[in-house]
Amino acid sequence: MVGLETNNGQRSGPMKRILVINPFGIGDVIFSLYLVEALRRSLPDAFIGFLCNERTEALVRMDTSINRTFVMNRDALRALLKKNPILYWRELKGMWDLIRDLRFDTVYDLSLGREFGFFSMMIGIKKRIGFDYKGRGLFLTQKRKLEGYAGKPVADIQSELLNDGSVDDPAALPLSLAVSESTKSEAKAFLKKDGIPDDRPILALAPGGGRSWGQNAIYKQWDAEYFAQVSNALNKSHPHLVCLMGDRSEEGLLRQVQSL
């Protein structure tokens, strides 16, 4: 249920050691990877770890700016808690022991909850940075009040956590996600297989996103017509191809967006 992976084979040493925590879905983690890139650009020798869930593990492992990936299988842990609380706590302790052994000095907690800040404190991470959402930032040493993600892009709001003097101004950094050449080649091959040229800008839309919400995901999803409106508006100023993404069960939804 818990994994420790190497993304780029770099070895640790006497350097800044930073852990980023985001236990949410793919979209949320993509936003957080821009925070990772800002850290990497400003602190090129830092050792950066990332704690995610099993649904986003493959995405996080693609990022070559991350040295270690920790994986928490939340569904399996919840099931284990109901079945055997002792085994649950043993499994949870095993994961945090792995993190403690790497002696992180700073954590950026993007979970919007109390639990990760508490465990970070318990394993000795001195600097705990995150959002005080609904008063849940109790165990953070540096926190920003957050009512919700609104008014500006999520990646920009998260990057404001870096404005404590420890890194360069993230707004001044030309950020792009760091992926390996093999990953880029795989992406180009995937597009080519489906007849999608890679020499033009591509807008990827996932109208059926939010699967991590389970059967309640539909209440979080935007209407098909809104996805189409955004795509059409962007196409006027930035002509692009549109790639509609989803699984087989979402084919009807994707065709509806396509027709609009």
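## Two helices and two cores

Asn84 caps the N-terminal end of helix 4: one of its side-chain oxygens lies 3.1 Å from the backbone nitrogen of Ile86 (a polar contact pairs N or O atoms within 3.5 Å, one able to donate a hydrogen and the other to accept it). This is a predicted model, in which local features need pLDDT of at least 70, side-chain atom pairs need 80 or more, and totals for chains, interfaces and linings use all residues. Residues are numbered from 1 along each chain, and side-chain values use heavy atoms, without hydrogens or water.

Helices (at least four residues) and strands (at least two) are DSSP runs numbered from the N terminus. The expected span is 1.5 Å times one less than the number of residues.

| Element | Residues | Count | First to last C-alpha | Expected |
|---|---|---|---|---|
| Helix 1 | 26-42 | 17 residues | 25 Å | 24 Å |
| Helix 4 | 85-101 | 17 residues | 24 Å | 24 Å |

Arg103 follows helix 4, with a positive phi near 50 degrees. Buried residues of helix 4 (under 20% relative accessible area, 1.4 Å probe, protein chains only) include Tyr88, Leu92 and Trp96.

Helix 1 has buried residues too, among them Val29, Val36 and Leu39. Their cover includes strand 2 (17-21), strand 3 (47-53) and helix 6 (154-159).

The largest nonpolar core (buried Ala, Val, Leu, Ile, Met, Phe, Trp, Tyr and Cys joined through side-chain atoms within 4.5 Å) has 26 residues. Ile18, Val20, Val36, Leu39, Phe50, Tyr108 and Phe131 touch the most other members. Helix 1 gives the most to this core, with 6 residues. Val20 touches Leu35, Val36 and Leu39, among others (heavy atoms within 4.5 Å). A second, separate core of 20 residues includes Ile21, Leu77, Leu80 and Tyr88.

Note on methods
Buried means under 20% relative accessible area, exposed over 50%, partly exposed in between (1.4 Å probe, protein chains only). Lists of a residue's contacts leave out its neighbours within four places in sequence.
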